[in-house]
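Here is a short briefing on a protein model. Look over the sequence and the fold, then read on.

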Amino acid sequence: MREFGLVFILVLVVAPLAGRAESPFGDAPSVDGPVLTNRRLTAIAGIVLYALLVAIAVTVVDIRRFLIEHYLVGFLLIPPVMLKLGSTGYRLLRYYSGSRPFRIAGAPPPILRFLVAPVLVVSTAAVFVTGLELWFFGLEFGSLWVSLHTLSALVMLAAVAAHLLAHTRLSAQAFASEVVARRREDRSPRSIVVAALVFGAALAVASLLYASPFTASFVGD
């Protein structure tokens with residue numbers, strides 16, 4: 001697992017630096033209104049997720065030592081992940097339902113929409129489902145769940161790398177515009193993300209009240 005953790009960190013560091021300079025949405029005109037708000041929300045949620053993914057990758061480098069921390073960050077990730085899925089899903093829904101502002105803003109290339117995005121969503125869901133199964137039941141239903149968790153994490157890492165290559169520059173621009181927003185109505189995206197983080201922190205703290213059978217069996221193995 002040490003090697004996987006190091007590769008995980010390397011991918012998270014290199015992929016944004018190697019990301020494309022142009023927008024994955026093509027030469028779409030500047031956006032405003034609900035499109036801009038959605039883009040800012042997606043961007044700030046993405047930045048938070050990136051930081052948390054780096055943190056969880058660090059725990060993977062020495063998973064036996066940092067298993068508790070691994071799970072704490074995992075629980076903290078759940079609400080921001082749901083928020084990111086919700087914001088991108090909302091944009092997808094508005095685009096395909098014919099909303100003029102979202103149609104004008106454009107959409108990512110087909111390979112991102114129809115390959116990378118579905119793989120990322122499914123693999124991310126698999127990571128959390130298998131992780132929660134191990135947290136609640138340990139090895140009661142066999143060690144296959146450990147293999148499934150690792151395999152889904154590998155697939156997710158590949159999809160995350162592709163996502164970062166395509167979206168990092170645009171997300172950084174949207175995040176910067178969110179940071180400098182001064183009007184009260186412009187602050188709603190960051191407030192939503194803060195609320196998601198607070199909810200995630202509550203989940204992480206609540207998880208400490210449960211003595212996971214996996215912790216004892218894995219560390220003591």
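The points below cover one helix, the nonpolar core and a surface patch.

This is a predicted model, in which local features need pLDDT of at least 70, side-chain atom pairs count only at pLDDT 80 or more, and totals for chains, interfaces and linings use all residues. Residues are numbered from 1 along each chain as its sequence is written, and side-chain values use heavy atoms, without hydrogens and water.

**Helix α7**
- Helix α7 covers residues 188-207, where helices are DSSP runs of H or I with at least four residues, numbered from the N terminus.
- Its 20 residues should span 28 Å at 1.5 Å a residue (1.5 Å times one less than the number of residues), and the end C-alpha atoms agree at 29 Å apart.
- Pro189, Val193, Ala196, Gly200, Ala204 and Ser207 of α7 are buried (under 20% relative accessible area, 1.4 Å probe, protein chains only).
- They lie on the same side of α7, because they cover an arc of only 80° around the axis, taken from the directions from the axis to the C-beta atoms.
- Val198, Phe199 and Val205 are exposed (over 50%) on the other side of α7.

**Nonpolar core**
- The largest nonpolar core has 31 residues; such a core joins buried Ala, Val, Leu, Ile, Met, Phe, Trp, Tyr and Cys through side-chain atoms within 4.5 Å.
- Phe8, Leu12, Leu53, Leu77, Met156, Val160 and Val193 touch the most other members.
- Helices α1 (2-17), α2 (33-61), α3 (67-96), α5, α6 and α7 each give two or more residues to this core.
- The most come from α2, with 10 residues.

**Helix α6**
- Leu151 is found in helix α6.
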